[in-house]
Amino acid sequence: MPVKTEPNEIDPASDIATVKSASPTMEGANPESGPSDSINNLAQSMTVLVRKIQDLRHIGIEDSQITLPKICVIGDQSTGKSSLIEGMSEIKVPRSAGTCTRCPMEINLSNSEPDQPWTCRVYLSRKYMFDASRRISKPKKSEPLGPWHPQDQEDELFTTITEKGKIEDVIKWAQLAILNPGSPSASYVPGENNETDPSHCQVKFSPNIVRLDISAPRFPSLSFYDLPGVINQAEFDEERYLVNLVENLVKEYISQESCIVLLTITMTDDVMNSSAARIMRDIRGAKKRTLGVLTKPDRVQIGESYSQWVEILEGDKFSLGHGYYVVRNNPDPSVEHSVARQEEDEFFRIAPWSTDLASYHERFGTRNLQSALSNLLFLQIQGCLPGIIDKINEKATRIDNELSTLPAPPSANVPYILCGKLHTLKDRIRCQIEGGSREYPLQKLWTNIAEDFKRSLSRTRPTVRLLSELDKESISNGRNDDSECELTEIQTPKKPKMDGEESTGSPRGRPTKKATGYLTTHFDKFATSVKEFTWEEIRDINKESASAGIPQQINPKAIDSMNRMSVEHWRDPMMVFINASHRLVKETLLWELKEVFVQYLQTELYRELRRIIESYLKKLRDEHVVHVDEIFSIEHQRPFTMAKSALDQETNAANDLFVRRRFEARANHYLDLQQRYQRGDPRRATEMKKLGVKELGVDIFTLEVKMMATTRGYYEVASSRFVDAVAQSVHTKLFFKCRENLVEEIEKGLGIYDLNAVNRCHELMSEDAERQRRREYLKKQKEKIMKAQQWLEAEKVTHEPANELDFGFEVKLQPPDK
């Protein structure tokens, strides 16, 4: 496993000069010693690291998760940004209207062998696709770049040159190729562009990149981006969206935490007027990653105060994380770079730069700026590289995980592969049905549902109102205060909670969900009795069933009637139980299907398997409902039991309960009328024991109590039998049939044993076009990841003896595709 490391952070308040020892400085260099002397100040120790980042970027490893360290040059139009780019890279960039910085430009400098010529490879790097059909007035938040939509990076080699004098013309035509996305780029290559109109631009701005890979002897490794200048006005009203598009493009680059922002501000304007500075300040964290460059110091009017710029250089006004530098570039593009640097040195040797501002001399000149940038980029790469490799490893894992679900369709012996999968599915279904392990929890979950079914019948059993109006009249004409249910206990007053006393019902004072007493949520609605008899109702039932003969006898027909009334609600909890059982089995089987056929989720095979299973389960449920409805009908239509001993036991227990609770209800009513001892008073129980027929009178519902006890006894016996019968039917009508017959139904439904079995299997396991495209895309991404990981590991091993790149983390290599 790769060792996770946290990227180091650069302290934005640190003095850049403290790290200058990492590279030679250019102070005192001879401007006539050669063109590359102007960038010799860049640190040799960062060459490997910068090349590493360049290579990672060029293989397309960057995405929303993986952002690579970079330097981005931003500024308003006409702030000297192009001159600054020329001064740092020693190339001439186009300055003609229509192509000047209309798209980002990536410049990569690298060292070559001493005998190799100056070489520039120009690439067109397309990360966005232009939708010409879109006409928008303002980019949306979901589409910050308007008609430009992200796509997989495509790098096209535009041309290669070895003559530095041709670079300006080549850049101009490369930008025109980027600004005309609807035209073939080959028609813009110098030497092949005679018939191409150099003034036509399909778009005014593009987020796609012109990339320059420049190599020469003694060149250091340095990378930076020149972003389009921020604009405030569009040339035409229909192009007003370009203002937001350019601003959003700049934000997209500089919002990356690994980006060093190079902000150009002309000394001829007030800093407060800089739109680029405003955008930078609006990006959280960008200010501490920004280095300001003050341009055009030679345009400051004679006699104008330098106090504002002193405050800026001191960090008292408009402070930035890496401070400010001042550069002076010759606006004449024909002037050689060595001459321009010599003129710059001479400019900063005169007043006030060499007098009043002499204390800031280390921040004057392009060479000092280059040295600062080289050290900043070096530190930024050092700090970010461990995190980058962590993210590359994480992306590799994500790609492998998704590819495991998108294997290539089998090319041979397809029926054998499919039969093996079905055999595995059958084994897993058998294990679920039989249960007995944590890996196969079906039986455990179903047992909880069955327990709740049994509990629901107990909770919904009929009750009786213990104290009737006739009872109250026979005792007295007192107030109406009776017990609602035979299970109601005498409530004792609760002890009031004292201040500061914590509730024990919920940890940390959080409210708890009301306990239902059920193990599952299926039966929550069956919380209380569905039928409450009254003694008068029971008496009427007995009278209606009575025949000529001796009065005050219990009629068996009355008991049958009460028994039927007691169980008529059973179908509702029964159907909840059946539906919950079938839903559980369906979810379990579909889960197992997905686990076994995870590689084929997007194929017709998986869709057909799911259809067959769902159809078979529906058939089983329909048959099962018919069966359990018959069980319920038998229980409801004809109450019957041969379990006389169990019936007598339950009846006697119920009779004792009702007699005792009837006495308590009548006695409590009597004592309430006497206003003797409040309920809850211990003396009340003693007083109740003294009461008898004299005080309470004869119980006028003795016969009805026996009838209710008989019905209660039967309910207990019948409900137990009913639960067993219905639960047992789940085993026979659902579990057993799924275990024994489901796979046969699948094989029959798939038709894999017919005469055209091979063709049928190929048809089922073939994939759709989208799945194929996704797999090919992931395979390309994996190739990039593997290349990046192998390259990083090779660099690590190569430099290990010198201890130059002691990363302290592991580069995770990917196994090749089989």
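1. Six cavities of 30 Å³ or more are held by this structure, which is a predicted model, and the largest of these cavities has a volume of about 100 Å³. Its lining is made by 13 residues, of which Glu86, Lys92, Asn330, His337 and Ala340 are the closest to the centre of the cavity. Two helices, α2 (81-89) and α7, are the elements that give two or more residues to this lining. Sorted by class, the lining of the largest cavity comprises six charged, five polar and two nonpolar residues.

2. The open space deserves a separate point. The largest pocket has a volume of about 880 Å³, and of the 33 residues that line this pocket, Glu62, Asp63, Ser64, Pro150 and Gln151 are the closest to its centre. The elements that give two or more residues to the lining are the strands β3 (119-130) and β4 (148-161), together with the helices α4 (241-254), α8 (366-403) and α21 (769-799). Strand β4 gives the most, with six residues. By class, the lining of the largest pocket has 12 charged, 11 nonpolar and 10 polar residues.

3. As to the chain as a whole, 21 helices and 11 strands are assigned in the protein chain, and 49% of its 818 residues count as buried. Among the contacts between residues at least 6 apart in sequence, 81% join residues that are at least 24 apart. The protein chain exposes about 41,400 Å², and carbon and sulfur atoms supply 49% of that area.

4. One example of contact between parts of the chain that are far apart in sequence is found at Ala788, which is located in helix α21, an element that also gives two or more residues to the lining of the largest pocket. Ala788 has a relative accessible area of 1%, and therefore counts as buried. Its C-alpha atom is separated by 9.1 Å from that of Ile389, although the two residues are 399 residues apart along the chain. When neighbours within four places in sequence are left aside, Ala788 is in contact with Leu56, Ile59, Ile61 and Ile392.

5. The aromatic side chains can be taken next, and by the pairing rule applied here the count comes to 19 aromatic pairs. In one of them, the rings of Phe348 and Trp353 have their centres 5.4 Å apart, and because their planes stand at 85 degrees, which is over 60, the pair is classed as edge-to-face. Both Phe348 and Trp353 are buried. Another pair, formed by Trp570 and Phe722, is stacked, with 4.8 Å from centre to centre and 20 degrees between the planes. This stacked pair links distant parts of the chain, since Trp570 is in the loop between α13 (556-567) and α14 (571-596) whereas Phe722 is in helix α19 (residues 702-750), 152 residues apart. Trp570 counts as buried because its relative accessible area is 0%, and Phe722, at 0% relative accessibility, is buried as well.

6. Trp570 and Phe722 also belong to one aromatic cluster, whose other members are Trp446, Phe453, Tyr518, Phe523, Phe526, Phe577, Tyr715 and Phe735.

7. Some backbone details may be worth a check by eye. The peptide bond from Ala351 to Pro352 is cis, with omega near 0 degrees, and Pro352 lies in the loop between α7 (337-347) and α8. Helix α7 gives two or more residues to the lining of the largest cavity, while α8 gives two or more to the lining of the largest pocket.

8. Positive phi values outside glycine form the last point. Lys296, in the loop between β8 (290-295) and α6 (307-314), has a phi near 55 degrees, which is a positive value in a residue other than glycine. Gln675, in the loop between α16 (644-674) and α17 (682-689), likewise has a positive phi, of about 55 degrees, although Gln675 is not a glycine. Is each of these residues buried, partly exposed or exposed? Lys296 counts as partly exposed because its relative accessibility is 23%, whereas Gln675, at 70% relative accessibility, counts as exposed.

How values were computed
Residues numbered from 1 in each chain as written. Predicted model: local features only at pLDDT ≥ 70, side-chain atom pairs only at ≥ 80, totals over all residues. Heavy atoms only, no water. 1 Å grid on protein atoms, 1.4 Å probe; cavity = no way out; pocket = protein on both sides within 12 Å on 5 of 7 lines; lining within 4 Å. Points joined across faces, edges and corners; volume = space filled by probe spheres on them. Helix = DSSP H or I, 4+ residues; strand = E, 2+ residues; numbered from the N terminus. Nonpolar A, V, L, I, M, F, W, Y, C, P; charged D, E, K, R; others polar. Buried < 20%, exposed > 50% of the residue type's maximum accessible area, 1.4 Å probe, protein only. Contact = heavy atoms within 4.5 Å. Areas by Shrake-Rupley, 256 points an atom, 1.4 Å probe, with all protein chains shown as cover. Phe/Tyr/Trp six-rings, centres within 6.5 Å; stacked < 30°, edge-to-face > 60°.
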